[in-house]
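The following exercises concern the structure shown below. Each task is followed by a worked solution.

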Amino acid sequence: MTAAQERSRTRPDRDHSVGAMSATGTEEVAGADESARRAAVRDGLGVGLAVGVSGLAFGAAAITAGLTVAQACVLSLLAFTGASQFALAGVIGGGGGLVSGTLGAVMLGGRNALYGMRLARTLDVRGWRRLATAHVVIDETTAVATAQRGPAAARAGFYTTAISLYLTWNATTLLGAAGAARLGDPEAIGLDVLGPAVFLALLWPRLFPARSGGVGGRPPTADTGRREVRVALAAAVIALAATPLLPPGVPVMLAAVAAVPALIRKGEKA
Amino acid sequence: MSVWIAVIATGLGCYALKLGGLLTPQSVLEDPRVRRFTELVPVALLTALIAVQALADGRSLDFDAARMAGLAAAVGALLLRAPFLVVLVVAAGVAAGLRLLGV
């Protein structure tokens, strides 16, 4: 089989979450599914380790803000969503009101509700599994799941990220909190670049499919991703323009507006 | 004690929002317009997150040369179709190296 045939055979459906699996049944497709699943697991472990390290920064920030080690750890265990955790620690550290600080931190979790709406169909969980799965619907798990080709790979990526990140995030929170004084400057080793680099690498195949090496097991396609690029640019502009005007975290939530035209326009298929 | 209440309330509130998204009725999600929207929402939110993490510090915009060079290196690695972890190592390595050199 030539490389071109290989590509066209494994080219994902435009709507990869529902369409790509419609041809299952042949051994060839099963093989492609298996390699997509393995790639998803690799992505998930990579994100779990890379982003999990920033739990050190959260643990240290929480202690600096005046939380106890136990409070920092319980926050990571229960909230498990970085932006909200940093926000609450920031308010406590800045001497802000606890009620408004709590409300602000919870509001920042609003984007996880939007992620849940996107993932409900792909994950298709019921009962207690849904209750447990809900806890790990966050930026990183959504980024990995939506970067995959086909629902099986998306689920594998989602849960691998969830488990590896939950373990590392809580372990590094404890380490960062307990050893806050000994922690050097995280920027010196470039940790501040890891967050944006992780999300950039995971979004890349959706934005520039033709220039992607198949991160997340997605092969390169001729598909242009032009609508995604438009939405991405608009979202970045909205978030940056709102940054000086609104409390940290809110501009990111506001950027969801960039996806609203899809809600208004009629006709065009998904 | 009130910090404990804030910690637990934040945890419960964040969980409630996560669960709320997953519990959205299928009939709502099956509307083609809602589906298009939810497909694009992660693209919008994650790009906004990249922009803010790269270019903002709290409520002020902040251009950090080493951080931007690290991200530019990540873009270069992505264009060269480098594997995911290589992209991350290159990005952090470039930023750390430049800072070591005093950039």
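**Exercise 1. Determine how many salt bridges occur over all chains, and how many lie between chain A and chain B.**

Solution. Step 1: apply the criterion, a side-chain nitrogen of Lys or Arg within 4 Å of a carboxyl oxygen of Asp or Glu. Over all chains of this predicted model, the count is 13 salt bridges. Step 2: restrict the count to pairs between chain A and chain B, which gives five. Step 3: inspect E39(B), which forms a salt bridge with R121(A), the closest N and O atoms being 3.8 Å apart. Because E39(B) lies in helix α3 of chain B and R121(A) in helix α7 (residues 110-123) of chain A, the pair joins two chains; helices are DSSP runs (H or I, at least four residues), numbered from the N terminus. E39(B) also meets R118(A) in a salt bridge, at 3.6 Å from N to O.

Conventions: residues are numbered from 1 along each chain as its sequence is written, and chains are lettered from A in the order in which they are written. Local features need pLDDT of at least 70, side-chain atom pairs count only at pLDDT 80 or more, and totals for chains, interfaces and linings use all residues, while side-chain values use heavy atoms, with hydrogens and water left out.

**Exercise 2. State what area chain A and chain B bury between them, and which residues of chain A supply the most.**

Solution. Step 1: take the accessible area (1.4 Å probe) lost on putting the two parts together, summed over both. The result is about 7500 Å², with 74% of it on carbon and sulfur atoms. Step 2: M117(A), R121(A) and L240(A) supply 8% of the area that chain A buries against chain B, more than any other three residues. Step 3: with contact meaning heavy atoms within 4.5 Å, 103 residues of chain A and 66 residues of chain B take part.

**Exercise 3. Describe the largest cavity: what is its volume, and which residues line it?**

Solution. Step 1: on a 1 Å grid over the protein atoms alone, a cavity is a set of points where a 1.4 Å probe fits but cannot get out, and lining residues have an atom within 4 Å of a point. One cavity of 30 Å³ or more is found. Step 2: the largest cavity holds about 50 Å³, volume being the space filled by probe spheres set on the points, which are joined across faces, edges and corners. Step 3: its lining includes A143(A), L203(A), R206(A), P42(B) and L46(B). Helices α9 (139-146) and α11 of chain A, together with α3 of chain B, each give two or more residues.

**Exercise 4. Identify where confidence in chain A is lowest and where it is highest.**

Solution. Step 1: pLDDT is the predictor's confidence in each residue, from 0 to 100; chain A has a mean of 82. Step 2: helix α1 (residues 3-10) of chain A is lowest, at a mean of 39, and helix α4 (residues 69-78) of chain A is highest, at 96. Step 3: pLDDT stays under 50 over residues 1-25 of chain A. Where pLDDT is low, the predicted coordinates should not be read in detail.

Terms used:
1 Å grid on protein atoms, 1.4 Å probe; cavity = no way out; pocket = protein on both sides within 12 Å on 5 of 7 lines; lining within 4 Å.
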